[in-house]
Amino acid sequence: MQLSLHADYALRVLVYLGSHPDRVVSTQEISTAYGISKNHLVRVVQTLAEHQYINVKAGRSGGLGLARRTDKIRLGNVVRDAEPNLRLVECFDHETNTCVIAPVCSLKRMLKEAMEAFLASLNQHTLADVLKNGGRQKLAAVFATFVIQPAPPA
């Protein structure tokens with residue numbers, strides 16, 4: 001199983017925001033830090049905002065921030081909310097399924113159980129787990145090498 005870039009970037013945005021909890025962060029800053037398309041990030045940010053993981057403030061002094069505490073953001077839920085296609089195989093989608101053995105095949109159930117186990121395993125972890133044991137500081141230090149931090153307000 002491979003996550004889409006949308007889900008991957010959603011996790012990255014949350015990690016970035018979690019490593020910068022003391023300030024509002026721009027989409028451009030995250031784009032620069034990861035070296036990924038700002039246009040693609042805008043769609044990811046919309047998804048995260050729709051699912052209330054982040055707050056988006058428009059305007060010149062606007063930006064992004066976490067809408068929940070890091071210990072309330074379960075990684076499996078983020079993947080489920082951000083992954084546009086959790087259909088591991090064609091038969092998971094009744095509308096487009098063309099597999100002739102689907103009505104009698106037990107593989108679908110096994111694959112569905114495996115996918116649910118994957119998400120349940122991720123849900124045992126939160127964003128706080130990613131950032132603990134000095135992770136927040138280590139991540140912020142790595143990001144600082146790629147992004148010029150804005151000056152604090154006067």
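Where in the chain is the place of Glu83? In this predicted model, Glu83 lies in the loop that links H4 to helix H5, the latter formed by residues 107-122. Despite this loop position, Glu83 is classed as buried, because its relative accessible area is 9% and the limit for burial is under 20%. When neighbours within four places in sequence are set aside, the contacts of Glu83 are with Leu3, Ser4 and Ala7. For Ser4 a polar approach is also found: a polar atom of the Glu83 side chain lies 3.0 Å from the backbone nitrogen of Ser4.

The overall architecture comprises seven helices and two strands. In sequence order these elements give the pattern α-α-α-β-β-α-α-α-α. The C-alpha trace extends over about 70 × 35 × 25 Å along its principal axes. The protein has 154 residues, of which 33% count as buried. Contacts between residues at least 6 apart in sequence were also examined, and 65% of these join residues at least 24 apart. The exposed surface of the protein amounts to about 9400 Å², with carbon and sulfur atoms supplying 55% of that area. Charged side chains number 18 positive and 13 negative, and a distance of 7 Å separates the centres of the two sets.

The two strands, E1 (residues 54-57) and E2 (residues 63-66), run antiparallel and are joined by four bridges. One of the residue pairings places Asn55 opposite Gly65 of E2 as its bridge partner. Five residues lie between the strands of this hairpin, and Gly59 adopts a positive phi near 105°.

Residues flanking the hairpin were considered next. Gln52 is situated in the loop between helix H3 (38-50) and E1. The phi angle of Gln52 is likewise positive, near 60°, in a residue other than glycine. With a relative accessible area of 57%, Gln52 is exposed, since the class begins over 50%. Beyond E2, Ala67 occupies the loop that leads from this strand to helix H4 (75-82). Ala67 counts as partly exposed because its relative accessibility is 33%, a value between the limits of 20% and 50%. Although 15 residues separate Ala67 from Gln52 along the chain, the C-alpha atoms of the two are 6.3 Å apart. Gln52 is also among the residues touched by Ala67 once those up to four places away in sequence are excluded; the others are Tyr53, Ile54 and Asn55. Asn55, the bridge partner of Gly65, is thus also contacted by Ala67.

A further loop residue, Thr126, is found between H5 and helix H6, which spans residues 127-131. The relative accessible area of Thr126 is 6%, so this residue is buried. The side chain of Thr126 reaches the backbone nitrogen of Ala128 at a distance of 3.2 Å. Apart from neighbours within four places in sequence, Thr126 is in contact with Thr70, Asp71, Ile73, Arg74 and Leu75.

Three of the loop sites described here span the accessibility classes: Thr126 is buried, Ala67 is partly exposed and Gln52 is exposed.

Conventions. Residues are numbered from 1 along each chain as its sequence is written. This is a predicted model: local features need pLDDT of at least 70, side-chain atom pairs count only at pLDDT 80 or more; totals for chains, interfaces and linings use all residues. Side-chain values use heavy atoms; hydrogens and water are left out. Two strands pair if DSSP finds at least two bridges between them. Buried means under 20% relative accessible area, exposed over 50%, partly exposed in between (1.4 Å probe, protein chains only). Contact means heavy atoms within 4.5 Å. Accessible areas come from the Shrake-Rupley method with a 1.4 Å probe; for residues, only the protein chains shown count as cover. Lys and Arg count as positive and Asp and Glu as negative; His and the chain ends are not counted. The place of a charge is taken as NZ of Lys, CZ of Arg, CG of Asp or CD of Glu. A polar contact is a pair of N or O atoms within 3.5 Å; within protein, one must be able to donate a hydrogen and the other to accept it, and residues adjacent in sequence count only if both atoms are side-chain atoms.
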